[in-house]
Each structure stands twice: as structure tokens, then as C-alpha cells.
Amino acid sequence: MRAAFASHGDKLSSNILGWLRTGWDAAFSANHKRAWMIEVRNLSKHFRDKKRGEIRAVDDVSFRCLPGQIYGLLGANGAGKTTTLRMLATILEPTAGTAI
């Protein structure tokens, strides 16, 4: 984050970074007692292709989501975003790991 705001001066970047840290700390301390809405642990999905062999669409992904929060799943084309969501929706069965 610091490099993104370096052109605006150190004071601005330190204020923004301080706000981000404070906002995160406040959100975490307010939410750490709540149960997770989604918890994914070591989720993997491997496919078999006759030409390419084993394809790891999703490899050992772990994350947690709190209720009432907005999250984004970002990645390049072919990174496994749709496969991950399909496993969360129980459309696909994971090769390994759990999603609760």
C-alpha cells in the first residue's frame, strides 16, 4: 500500500495506512467473537485429462468469511475461482479439504 501512495507524500500515505490498520483492528476486535459464516480449509480440486494429465484447478485454498461482510474472490483466468464457488455451492465435490 505504501508504494501506491508514495507520490502523494509520506504524510498522506502514513495517514491512510494508519486508518487501514485502525479500521482492520476495529473490525477484527468487533467481529472476532462471532462465528464464521463460511470456513474453507485446505480445499483442493484436481481433474484428470487424457492429454495433460492431472490438472489442479484449486490447490490447498483456505479462508474464512464473517456474516455481514463483503468479500471478493480475485484471480487470473483459470485460477480456480469458479471451481471454488462450485465446491462451496456443492455442485462439485472437492478432491480434498472441507468447506463449512
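Q: Which residue takes a positive phi just after α3?
A: Thr90 does, with a phi of about 65°. Helices such as α3 are DSSP runs (H or I, at least four residues), as strands are (E, at least two), and both are numbered from the N terminus. This is a predicted model, in which local features need pLDDT of at least 70 and side-chain atom pairs count only at pLDDT 80 or more, while totals for chains, interfaces and linings use all residues. Residues are numbered from 1 along each chain as its sequence is written, and side-chain values use heavy atoms, with hydrogens and water left out.

Q: Why is Ser44 called buried?
A: Buried means under 20% relative accessible area, exposed means over 50%, and partly exposed lies in between (1.4 Å probe, protein chains only). Ser44 has a relative accessibility of 7%, and therefore counts as buried. This residue belongs to strand β1, which spans residues 38–49.

Q: Which residues are in contact with Ser44, leaving aside its neighbours within four places in sequence?
A: Contact means heavy atoms within 4.5 Å. On that basis Ser44 is in contact with Val58, Asp59, Asp60, Met87, Pro94, Thr95 and Ala96.

Q: What makes Ile55 partly exposed?
A: Its relative accessibility is 24%, so Ile55 counts as partly exposed. Ile55 is a residue of strand β2. Apart from neighbours within four places in sequence, its contacts are Lys45, His46, Phe47 and Asp49. Of these, Lys45 is 10 residues away in sequence and 8.5 Å away in space, C-alpha to C-alpha.

Q: How do you know that β1 pairs with β2?
A: Two strands pair if DSSP finds at least two bridges between them. Nine bridges join β1 to β2, so the definition is met. The two strands run antiparallel and form a hairpin with three residues between them. Within this pairing, Ile38 stands opposite Cys65 in β2.

Q: How many bridges join β1 to β3?
A: Three bridges join these antiparallel strands, so they too count as a pair. Arg41 stands opposite Thr98 in β3.

Q: What is the order of the strands in the open sheet?
A: The three strands follow the order β2-β1-β3, with antiparallel pairing. The edge strands, β2 (53–65) and β3 (96–99), each pair on one side only. Neighbouring strands of the sheet are turned by 25° against each other on average, direction ignored; the axes are lines fitted to C-alpha atoms, for helices over the stretch in contact, and angles run from 0 to 180 degrees between N-to-C directions.

Q: Where does helix α3 lie?
A: Helix α3 (residues 81–88) lies across β1, β2 and β3, running at about 115° to β1.

Q: How do you know that the buried residues of α3 line one face of the helix?
A: These residues are Thr83, Thr84 and Met87. Seen down the helix axis, they fall within an arc of 100°, so they line one face; the arc is that of the directions from the helix axis to the C-beta atoms. They pack against β1 and β2.

Q: What is the phi of Asn42 and of Asp60?
A: Asn42 has a positive phi of about 50° although it is not a glycine. Asp60, likewise a residue other than glycine, has a positive phi near 60°. Asn42 is in β1, and Asp60 is in β2.

Q: Why are Asn42 and Asp60 called partly exposed?
A: Asn42 has a relative accessible area of 43%, so it is partly exposed. Asp60 has 47% relative accessibility, and therefore counts as partly exposed.
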